[in-house]
Amino acid sequence: MEYQVAANALDGKVILVTGAGDGIGRQAALSYAQHGATVILLGRTVKKLESVYDEIETAGFPQPAIIPLDMLGATRQHYLDMVDTIEQQFGRIDGVLHNAGMLGVLSPFDQIEEKAFDEVMQVNVKATFLMTQALMPLLQKSDDARLVFTTSTVGHAGRAFWGAYAMSKFATEGMMQVLADELSNTSVKVNAINPGGTRTKMRASAFPAEEASKLKSPLDIMPLYLYLMAPEGINVNGQCIDAQPK
Ligand code: NAP
């Protein structure tokens, strides 16, 4: 399917992107801003967020905002405070792209260390859950809100050595489905994207020997990311969609 949206499809929208400093999240923030959205850039490395901020400003897109937050250590209170800040500053939120994620260590199952398991689950699942819960009252005030989760091919078919990462992506798809069903009669649409192999640092650390130039870039997969945030995608709910279908 061709995912096409109008050039100004996201005019007036406020969209939060997690992991906005690098890789797919960085590109999504730029693309959302290019289509008219005010983007809130959340991530843990302030320098990277500032560089995306500057790029958006230089391009003349709506002025973004930065939320520095390490999802490994953040508690429920951090997310509640974050939502207060967003409400005070913007008065609304229309979209959330849950993109931040960690790969952890790929290893045989019996060698997965408890600490490494906990960290992957904390960032990929629990932090995403707590953030979503905190954001929900504000999201529900929007007359057309979108929640987009990020999964992986190993999030719907387990694969040897992908350990905690694969398990965390199964949980992410579960979270998306539960929420989409609960909210199916509301103005909040909930979906997940499987980016497929994409040229980023995470991909390079999972496949160090791969020739990166053969992979799609984050920009190549943006049509789906835009579609699920835009009016054009309003009828999609509860789906897990491949950005690079076979
Ligand atoms: P990436 O280049 O490693 O970017 C991940 C982003 O998440 C970075 O900006 C990173 O911040 C941020 N992040 C990681 N841990 C965080 C934490 N504790 N708190 C706040 N932010 C944190 O990875 P990517 O390839 O773009 O991946 C984006 C999403 O797509 C992930 O959910 C990943 O699982 C998924 N995915 C990617 C592929 C692929 O081929 N690339 C395939 C399937 C699924 P820093 O820059 O500060 O580290």
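Questions about a predicted model and its ligand

Me: Which pocket does the ligand take up?
Reply: In this predicted model, the space taken by the ligand is the largest pocket. Helix 1 (23-34), helix 5 (163-182) and helix 6 (201-206) are the elements that give two or more residues to the shell around the ligand.

Me: Which helix gives the largest share of that shell?
Reply: That is helix 6, with three residues.

Me: How many residues surround the ligand, and which are the closest?
Reply: There are 29 residues around the ligand, and R44, T45, K48, Y165 and T200 are the closest. Sorted by class, the shell holds 13 polar, nine nonpolar and seven charged residues.

Me: What makes the pair formed by the ligand and T198 a polar contact?
Reply: An oxygen atom of the ligand and a polar backbone atom of T198 are 2.8 Å apart. The cut-off for a pair of N or O atoms is 3.5 Å, so this pair qualifies. The backbone of D22 also has a polar atom 3.4 Å from a ligand oxygen, and for a polar backbone atom of G196 the value is 3.4 Å. Both of these pairs are within 3.5 Å too, and therefore count as polar contacts.

Me: How much of the ligand does the protein bury?
Reply: The ligand taken alone exposes 900 Å², and the protein buries 93% of that.

Me: Let's move on to single residues. Why is D94 called buried?
Reply: Its relative accessibility is 2%. Buried means under 20%, so D94 counts as buried. You can find D94 in the loop between helix 3 (76-90) and strand 4 (95-97).

Me: Which polar partners does the side chain of D94 have?
Reply: Among them is the side chain of R92, joined to the side chain of D94 by a polar contact of 2.7 Å. Another is the backbone nitrogen of V14, 2.8 Å from a polar atom of the D94 side chain.

Me: Why is Y32 called buried?
Reply: The value for Y32 is 0% relative accessibility. That is under 20%, so Y32 is buried. Y32 belongs to helix 1. Its C-alpha atom is 6.9 Å from that of L10, while the two residues are 22 residues apart in sequence.

Me: Why is D220 called partly exposed?
Reply: D220 has 44% relative accessibility. Buried is under 20% and exposed is over 50%; 44% falls in between, so D220 is partly exposed. D220 sits in the loop between helix 6 and helix 7 (222-227). A polar atom of its side chain lies 2.8 Å from the backbone nitrogen of S217. D220 and Q244 are 24 residues apart along the chain, with 9.3 Å between their C-alpha atoms.

Me: And why does E211 count as partly exposed?
Reply: With 48% relative accessibility, E211 falls between the 20% and 50% cut-offs, so partly exposed is the right term. E211 is in the loop between helix 6 and helix 7. From E211 to R199, twelve residues apart along the chain, the C-alpha separation is 9.6 Å.

Me: What makes the phi of F161 worth a look?
Reply: Phi of F161 is near 75°, a positive value in a residue other than glycine. Most residues other than glycine have a negative phi. To look at F161 yourself, go to the loop between strand 5 (145-150) and helix 5.

Conventions
Residues numbered from 1 in each chain as written. Predicted model: local features only at pLDDT ≥ 70, side-chain atom pairs only at ≥ 80, totals over all residues. Heavy atoms only, no water. Near = heavy atom within 4 Å. Polar contact = N/O pair within 3.5 Å; in protein donor to acceptor, adjacent residues only side chain to side chain. Areas by Shrake-Rupley, 256 points an atom, 1.4 Å probe, with all protein chains shown as cover. 1 Å grid on protein atoms, 1.4 Å probe; cavity = no way out; pocket = protein on both sides within 12 Å on 5 of 7 lines; lining within 4 Å. Sits in = over half its atoms within 2 Å of the grid points. Helix = DSSP H or I, 4+ residues; strand = E, 2+ residues; numbered from the N terminus. Nonpolar A, V, L, I, M, F, W, Y, C, P; charged D, E, K, R; others polar. Buried < 20%, exposed > 50% of the residue type's maximum accessible area, 1.4 Å probe, protein only.
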